[in-house]
Each structure stands twice: as C-alpha cells, then as structure tokens.
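Me: I am new to this structure and would like to understand why its features are given the names they have. Could we go through them with care?

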Amino acid sequence: MTALATLLLGAAAWAAPGAPGGPVLACDVDAVRGAPEAADCYRRIAMTAADDATRAEALWRSGDLAGANAAFRQAVARDPDDATLRARWGRLFLDVYQDADAEALLREALDQDPDNVQALLGVAQLSLGRFEAGVRGHLARVLRREPRHPEANLLLARMRLELGQAAAVRTELGSLLDDGVLDGWLRLDAFALLAAADALDEVEPSPWTERALAVNGRFGDVHAVPGHHFVINRRYREAVASYERAVVVEPEHWAAHAELGINLLRVDRPADARRHLERAYAGDPYNPLTVNSLRLLDLLDAEFATVREPGVLMRAPRHQAAALAPEVLRLAGRAGRDMADRYGYRPSGPVVVELYEHHDDFAVRTAGLPGLGILGATFGDVVVMDGPAAKGIGDGFDWASALWHELGHVYTLGATGNRVSRWFSEGVSVMEEWRYGPTPTGSVPVSFLEALADDRLLPVAELDEGFLRPRYPQQIGISYVQAGLLCELIDVRFEGGLASMLTAYADGADTGEAIRRGLGVEPAALDAMFRGYLAQRFDGIVAALDEFQEKLRAAHAAAADARWADAVDAGRRAVALYPDYVAPDSAYVPLARAASELGDSIELDATLNRYFARGGRDPWALGRLAERHGAQDRADAEIEVLAVLSRTQPLDGGLHARLGDRLAAAGRHEQALEHFSVALGLDPHDRASAQLRLANAYHRLDRIEEAKRALLLALEIAPTYGPALDLLLTLNGTDQNGTDRDGPAHE
C-alpha cells in the first residue's frame, strides 16, 4: 500500500487562518491582509461584545481557542435551540483536532435543523479530512439551495483537486473569483488551491502565489496547501519544499511546521524532522500529530537498531533486528535485482525498511495517528510496516509478502518520480505479491467476487476514486484486487505494457493517456478486455458463490462443534468450488482438522499439500504438514514447509532451531548456520545448546575459531556440558595435529 493509501486518515489540508464562514467582524479586513493590529482588534471585540456568540468568534480569530470554547458553551447554554451557534461550536472543535466532539455537536445541530448550512459544511469538512465519500452528499445539500455558496464550492474544489481534477478546479474557482463570490479569507483560500493545481502540473512559479502574497505577505497556506496536495499524490520531496516555503512566509504556522516534520520523517531526515516538530509543539502543544510523532522519534532513538547492507538499510526493534534482518535483506536484495529490471528503476541510495513491533507505532510513523487499518506504507525509497509481532505471533500474518508489496511501490514510484496513479502502483504491487512474491497465490477474496457479481467495479479511468473516496464498505479492498487483476491482464496481454505505462506516467500522463501511450488502446477498450478476462477466470465461482459461501460457513461451524464428518463433506465441496481460496477463513483448514481427527491420513495429506501449494499459510496447517513430511522421511519437503513457517514466524526461536537441525542433517550447513544464529539471537531458554548448534555449524564449514568461540560461550553457561567439551577437545586436537578437520560434529 502506498503512503497515499495510508493517509486516508491524514491531517487537515491546512490550518484555518481564522473562522471563514462565520459572522463578519470589523477586524477581518486587517486580518486578511496580515496586519498585526488585527489581533488587538479581535481582543477588543471579545472584551466589549454584547453577546457570547460574537465574543466566541472574536476569541477564535484571535487564537484563544480555550476562551472561544468557553464562550460558545455559554452561548449555547443561553440559546440551546440555535442550530447555527451549535454548528459553529462544532467547527471550532475541528480546529483543535477534537473530531469526536465536533461530530457530536454538528450532528446535534442537524437534528435541530437538517438544512443548517454551517452544520452541513462542518460535516462535509469532517468527511473531507477522513476521505469519506459522504462529503459529496453534504455539499450537494448546500449547493442545491445556493449553487454559488463560496465555502461549499471551495470544499468541493479541494475534493476535486485531491482526485486529480485540476482543470475543473481552475474553471470553477476562476468563475467564482471573476464574479466576486469569494472575498476575505475565502478568496485567499481559493488562491492557495489554484496555486496547488499549478504546483501539481509543475507550473512554477504560480501567478496565484504572487496574488495571494500581494494581499497578505504572511499567508503561509499559499505554500502549505500545495504541500498537502503533493502528499496526497505521494510526492514527498516536493511536499517538504512547499512546507519549508510555508514556514518561511509564516514562521508561526504551527500546522505547517508539524506537516513539514512529518514529511521530513517520510524522506528519512529524522534530525530535521525533530527540529520542526519541536517548533510545532512549542507553538501548538495540542496537535496530536506533533505529539505522537515526537514520541515516535524518541522510540526510534531509544529502542531501534540499524542493519546495513549495500543498497538496503533496515531498522527494527533492537531485540528483533537480528532475527528479521536475513529475510528483509534477502527480499530487498531480490527486489533490487528483479524489480529494477522489470520496471526500469534503480534507487540512487539505500532502500530503507522499518519494521514495527506494535501496530500503533507504525500507524503514527505513517500518518501521525494510531488506529490505521493497513499493514505497510511506502514513501519513495522508505518502507515502513508492521513487523511480524504486530499482529500476534502465530496468527499467520504473511509479513514477508506485505514487505514485497511495499517494495513494489519503491520501484513504481521511483520509475515515475512519484507521478504514477494510485491504482496502477497498488495494482503492480498486488500483482507482484501474487506472482513473484514469497507467497504466490491466485486467491481473491469473496468480497471482490460479490462486487463482480453485483457489477460494482469501477471503470479504469475512475479506479483511483475507489482508493480515495470509497462509496460503499470494502470498496478500498476491492479496488486493490481489481487493480491487481488489471495489472495481471496488462502483463499477460501487452508485452512490456506495465513498463511502458510507467514511462508515460513519468512524462506526466494521466491514466487515460498512460493507457493510450503505453498499451495503444483506449481506456474503454481496456475495460472491455478486463471484463472478458474476469469472466474467463471467475464466472464459474461467481455462479456458484452462494453455494460456496454456504459450504464454507458449514465447514467452519461443523469443525467448531467437532462434527468431523460434516466438516469433511462441507469442506470438500467448498474446496472443489473454489480451489484457489486460501484466505484465513479457507475451507482447507477445517477440512484438514476433520481429516486429522478422523484419522484419514490420505485426506489429510492431500488437503494440506493442495493448501500449501496454493499459498495457504495457516500456522497450524503448515506445522501439521511439516510433521507429516517428517514422519514420512520426506526431508526436502519438510525443510520447504519449515522454511515458509520460519519466514512467517521469524521470532519463533524453536522453529529456527528445528529448521537448522533439518538443514544440518541434509548437509546444508551455511543455511543451518543462519537459522541457528537467529535462534540464538532470540534469547532461547537453553543458550548452551543454542551455542553448541552454532559451533557444530561453524565446524562443518571449517570455521574453527568461530566454532571455538561459540563453544567457550556455551561452557561459560554450563561448564560441565559434555557435548560442548567433546567438540572443543576435537577442535583443539585438530589444530594441534593438523588432521581430522572433518571429524564428527556433536549434537
């Protein structure tokens, strides 16, 4: 998942410079032009106002948000039936990051007056910040009554610009400006949005920037708003440059300092990030993005270790780094060879991979807030993601496949200067997971099949909206699958088509033009080809989808109730209907459990092998399969399954030791050494035995001095440990006599 997709919870686009849309106060003209006397003017109004509502608005504009809150509370207590007053109070809460309180007040206002403009604008603003599709409906209710409503049109323009509709934004805002509909702060906000449209189209310098600064030389949003839209489009280095200009123009723009700090983190400049985040905190200690990001930097400094290899830099919790490094470095190295050739991009510096033990730490690293519902994010050449412990050891989280997905973004973003469309970058990464990643699979979720059956897939020209502004539950996940299948189709039907489309995106093409230039067809023609491709692959299961889901539920219910014969019957039918389905709720697992309980070894072996071959990764099922291979003396097959288990559960030291033993028995001592080293790094209970395993591996590889060091460490722990003493005597005799370097290894 690209960082863009991970920023669906993202920060507000810009800090409100006052209270646009509220009642006009005498000081507003001075404030809009940046005159310093405006603050004193607002304070005088607050002191002399005849009513609490006016006092609240003046305090809000002066920056005294706590005073404004108290004044609004008094005003609403005196006039509880005034929906507009309650809505304005709710919008104040949006300014202080209290979305839950804001939403409650705005909903109360709408309950009082369903057509209240301030309440509708407030919930639209809230929905816009959350990237919810509902923003359209809220704004439509305002615009039906007042088509030229200035603030509603500005919010609509912001949404459209986030969807890449720069031309429409220029037309709409240009008309409003020409007609004099926008004035005051709203006029400056329009200038900032138009400057953002120019920035995305690389019109530099933008005349709108000059116009805004001519009105107010301290209007930092004319740079901060383009910075926000660069972030939305994953262009983080350009975002950093925009926010840097914003804080030069307006040094006390605390939100811009915070966003600058967060984006400096995204481009791996932690020291610079800390400086701006601390500045933001000093000016606004209530911004949760700032507070959380500073705590995260403290965590990285105190508890993370760094492992470097040419082209790769890994950061992970210190107590996990040695266990995670081999697979991270291996996958990143393979991506650097394979994906670089496929997509024509080689990073100029190291690819940074950060793995987090706790999901909320990753979420803060990604978006500044906990509670993010994704597994990974990519910021150019920087990948951040949940580590294997974030989902709980033993739950089957295929973190290595998630890492491969994120590495795919490194190469599609890099190949296009971060200009690739959202759906295409996600689609390539999903395709990479399915086809080339550590867990190849053809399984797609039932939710996608349901959307296919109900004709809820988007045309390719609109597919980005499925990621940014989903219109129904699960649409984001469905869009991922649709994008992956589209990229599969392109890869199968158009030789070099994926790389050609990346070249077009790099040249500034939008999706339609990238399809025309890269594939030589119109988007509508690609949609038609895609429908045929989906019909060929999924018509059978879509036709039987109701029966498949019924049998799937029945298999799990029967297994839960220990009705093993029923679980076999239902599980067999579900597997026959959709053999590729290996999601966590796959029928293979209850079918295998039932076969095991019934002692049906033929059914058990067949089920587990089919499941594993199709990419199934349930820990119980793979553990059982490894046991079956071991019992049948199928050493290579057992090693293959244990290797997958050790990758999906890299923090299980016992599993690494077991795999190392099997590899050593097969004479694969270099690989055994890696797993013995990992097992030792995970602080096993019996460290003496772990050191002995390591010594044996070194001995077999003729690395005698390293073997001795491992033995001495074992004997420090257990001075009378016989096998370690025996091997040490053997090694010492070998050194003295110059013979028998291939003598027996001791277990």
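Me: How much space lies in the second largest pocket?

Reply: In this predicted model, the second largest pocket holds about 1,400 Å³ of space. The lining consists of 38 residues, and those closest to the centre of the pocket are Leu375, Asp398, Glu433, Trp434 and Pro584.

Me: What makes a residue part of that lining, and which helices each supply at least two such residues?

Reply: A residue counts as lining if one of its atoms is within 4 Å of a point of the pocket. Helix H21 (399-415), helix H22 (422-435) and helix H25 (475-493) each supply at least two residues of this kind, and H25 gives the most, with five residues. Sorted by class, the lining has 20 nonpolar, 12 polar and six charged residues.

Me: How do you know that E1 and E2 are paired, and in which sense do they run?

Reply: Two strands count as a pair if at least two bridges are found between them; E1 and E2 have six bridges and pair in the antiparallel sense, so the condition is met. One of the contacts across this pair sets Ala305 against its bridge partner in E2, Ala316. The hairpin of E1 and E2 has two residues between the strands, and Gly311 in that hairpin takes a positive phi near 85°.

Me: Why is the pairing of the five-strand sheet called mixed?

Reply: Strands of a sheet can pair either parallel or antiparallel. Here E1 and E2 are antiparallel, whereas strand E2 (residues 312-317) and strand E3 (residues 351-356) run parallel and are joined by four bridges, with Val312 standing opposite Val351 in E3. The sheet, which is open and has the order E1-E2-E3-E5-E4, is accordingly described as mixed.

Me: What makes E1 and E4 the edge strands?

Reply: Strand E1 (304-309) and strand E4 (376-379) each pair on one side only. Neighbouring strands of the sheet are turned by 15° against each other on average, with direction ignored.

Me: How do you know which helices pack on the sheet, and which strands do they touch?

Reply: A contact requires heavy atoms within 4.5 Å. Helix H18 (residues 288-303) touches E1, E2 and E3, and its direction makes about 70° with that of E1. Helix H20 (residues 359-367) touches E3, E4 and strand E5 (382-386), and its direction makes about 150° with that of E5.

Me: Why is the pair of Phe448 and Phe538 called edge-to-face?

Reply: Rings pair if their centres lie within 6.5 Å, and planes over 60 degrees apart count as edge-to-face. For Phe448 and Phe538 the values are 6.2 Å centre to centre and 70° between the planes, so both conditions are satisfied. By this rule the count comes to 15 aromatic pairs. Phe448 lies in helix H23 (residues 446-453) and Phe538 in helix H28 (residues 523-543), so the pair ties together parts that are 90 residues apart in sequence.

Me: Which residues does Leu457 touch, leaving aside those up to four places away in sequence?

Reply: Leu457, found in the loop between H23 and helix H24 (463-468), touches Phe448, Ala451, Leu452, Ile478, Gln482, Phe530 and Leu534.

Me: What makes the peptide bond from Glu204 to Pro205 cis, and what is noted about the phi of Asp268?

Reply: The bond from Glu204 to Pro205 is cis, with omega near 0°, and Pro205 lies in the loop between helix H12 (184-200) and helix H13 (207-215). Asp268 has a positive phi of about 65° although it is not a glycine, and Asp268 lies in the loop between helix H16 (254-266) and helix H17 (270-283).

Methods:
Residues numbered from 1 in each chain as written. Predicted model: local features only at pLDDT ≥ 70, side-chain atom pairs only at ≥ 80, totals over all residues. Heavy atoms only, no water. 1 Å grid on protein atoms, 1.4 Å probe; cavity = no way out; pocket = protein on both sides within 12 Å on 5 of 7 lines; lining within 4 Å. Points joined across faces, edges and corners; volume = space filled by probe spheres on them. Nonpolar A, V, L, I, M, F, W, Y, C, P; charged D, E, K, R; others polar. Axes fitted to C-alpha atoms, helices over the stretch in contact; angles between N-to-C directions. Phe/Tyr/Trp six-rings, centres within 6.5 Å; stacked < 30°, edge-to-face > 60°.
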